[in-house]
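Here's a quick briefing to read with the model open beside you. Take the topics in whatever order suits you.

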Amino acid sequence: MRINRMLRMSRRDVLLAGMGAAVASVTAQAAEPQPAVSSDVTEAAQFLTLSLRLTDRETLSPAIGSALYARIVQAVPERKAQISQLYTLMRQSHFESAQELAIAAEKADPAFKDVIHDIMTGWYRGVADQKVVVYRSALMFDITKDGVYPKTYATGGPFYWTSKPPEVPLPTGAPGLSPSKFVVEPT
């Protein structure tokens with residue numbers, strides 16, 4: 001009987017032990033030196049501000065911005081300095097649009113053209129360093145998001161891409177509209 005009482009724990013004992021462990025954990029964490037705010041955080045914030053101007057948007061996701069920045073810099077390490085220089089150029093002059101910034105940036109340094117291309121590809125396609133960073137939230141889907149949202153699943157079964165697709169007969173009807181000149185509008 002005495003052994004049962006000694007082994008039995010009351011709710012109070014469990015609560016006190018849990019609180020003691022929590023206090024010990026917090027005390028240990030407080031005793032450790034805290035790292036200074038990383039310069040990567042500041043650089044990611046600069047990247048986001050630069051991205052807002054380049055995309056002419058009011059808001060962009062900071063989480064996606066941080067992921068894109070990390071992947072772009074990982075792919076091409078000199079992009080870190082180039083993005084910082086491009087941010088400085090943007091801050092020195094007041095640009096009304098992305099087009100004005102892009103023109104001034106390319107005049108200042110032709111290498112900025114590739115930097116801007118990497119940033120825009122990252123935001124619109126969701127790809128940086130030939131790796132998908134974001135899919136559903138890529139800006140290319142914003143235009144149609146109220147009507148058509150990108151699929152996040154495969155329409156076939158497992159390994160559907162390994163089998164030969166079915167033959168489709170060529171259309172036999174006449175076009176409904178007369179031919180028109182294909183015009184590419186500037187973006």
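Among contacts between residues at least 6 apart in sequence, 58% join residues at least 24 apart. Keep in mind that this is a predicted model. The protein has seven helices and two strands, and along the sequence they run α-α-α-α-α-α-α-β-β.

**Overall numbers**
- Of the 187 residues in the protein, 22% count as buried.
- About 14,700 Å² of the protein is exposed, with carbon and sulfur atoms supplying 59% of that area.

**The nonpolar core**
- The largest nonpolar core is made up of 27 residues. Phe47, Leu50, Ile83, Leu86, Ile119 and Trp123 are the ones with the most contacts inside it.
- Five elements give two or more residues to this core: helix H3 (39-55), helix H4 (62-75), helix H5 (79-92), helix H6 (98-108) and helix H7 (112-125).
- Take Leu86 as a sample: setting aside neighbours within four places in sequence, Leu86 is in contact with Leu50, Ala105, Phe112, Val115 and Ile116.

**A buried glutamine**
- Gln82 sits in helix H5. Its relative accessibility is 14%, and the cut-off for buried is under 20%, so Gln82 counts as buried.
- Not counting residues up to four places away in sequence, Gln82 touches Ala111, Phe112 and Val115.
- Phe112 and Val115 turn up in the contacts of Gln82 and also in those of Leu86.

**Aromatic pairs**
- A search of the whole structure turns up three aromatic pairs.
- Phe47 and Tyr69 make a tilted pair, at 5.5 Å centre to centre with 50 degrees between the planes. This pair links distant parts of the chain, with Phe47 in helix H3 and Tyr69 in helix H4, 22 residues apart. Both Phe47 and Tyr69 are buried.
- Tyr135 and Phe141 make an edge-to-face pair, at 5.5 Å centre to centre with 70 degrees between the planes. Tyr135 has a relative accessible area of 39%, so it is partly exposed. Phe141 comes in at 16%, so this residue is buried.
- Ring pairs also tie Phe47, Tyr69 and Trp123 into a cluster. Two of its members, Phe47 and Trp123, are listed among the residues with the most contacts inside the largest core.

**Backbone oddities**
- As background, most residues other than glycine have a negative phi.
- Asp56 isn't a glycine, yet it has a positive phi of about 55 degrees. You'll find Asp56 in the loop between H3 and H4. Asp56 has 45% relative accessibility, so it counts as partly exposed.
- Asp129 isn't a glycine either, and it has a positive phi of about 60 degrees. Look for Asp129 in the loop between strand S1 (127-128) and S2. At 33% relative accessibility, Asp129 counts as partly exposed.

**A nonpolar surface patch**
- Phe159, Tyr160 and Trp161 form a nonpolar patch on the surface. Together these residues have about 410 Å² of accessible area.
- Trp161 belongs to the segment after strand S2 (131-132). Its relative accessibility is 59%, and the cut-off for exposed is over 50%, so Trp161 counts as exposed.

Note on methods:
Residues numbered from 1 in each chain as written. Predicted model: local features only at pLDDT ≥ 70, side-chain atom pairs only at ≥ 80, totals over all residues. Heavy atoms only, no water. Patch = residues over 30% accessible without salt bridge, like charges linked within 9 Å, V, L, I, M, F, W, Y side chains within 5 Å. Areas by Shrake-Rupley, 256 points an atom, 1.4 Å probe, with all protein chains shown as cover. Salt bridge = Lys/Arg side-chain N within 4 Å of Asp/Glu carboxyl O. Helix = DSSP H or I, 4+ residues; strand = E, 2+ residues; numbered from the N terminus. Buried < 20%, exposed > 50% of the residue type's maximum accessible area, 1.4 Å probe, protein only. Core = buried A, V, L, I, M, F, W, Y, C linked by side-chain atoms within 4.5 Å. Contact = heavy atoms within 4.5 Å. Phe/Tyr/Trp six-rings, centres within 6.5 Å; stacked < 30°, edge-to-face > 60°.
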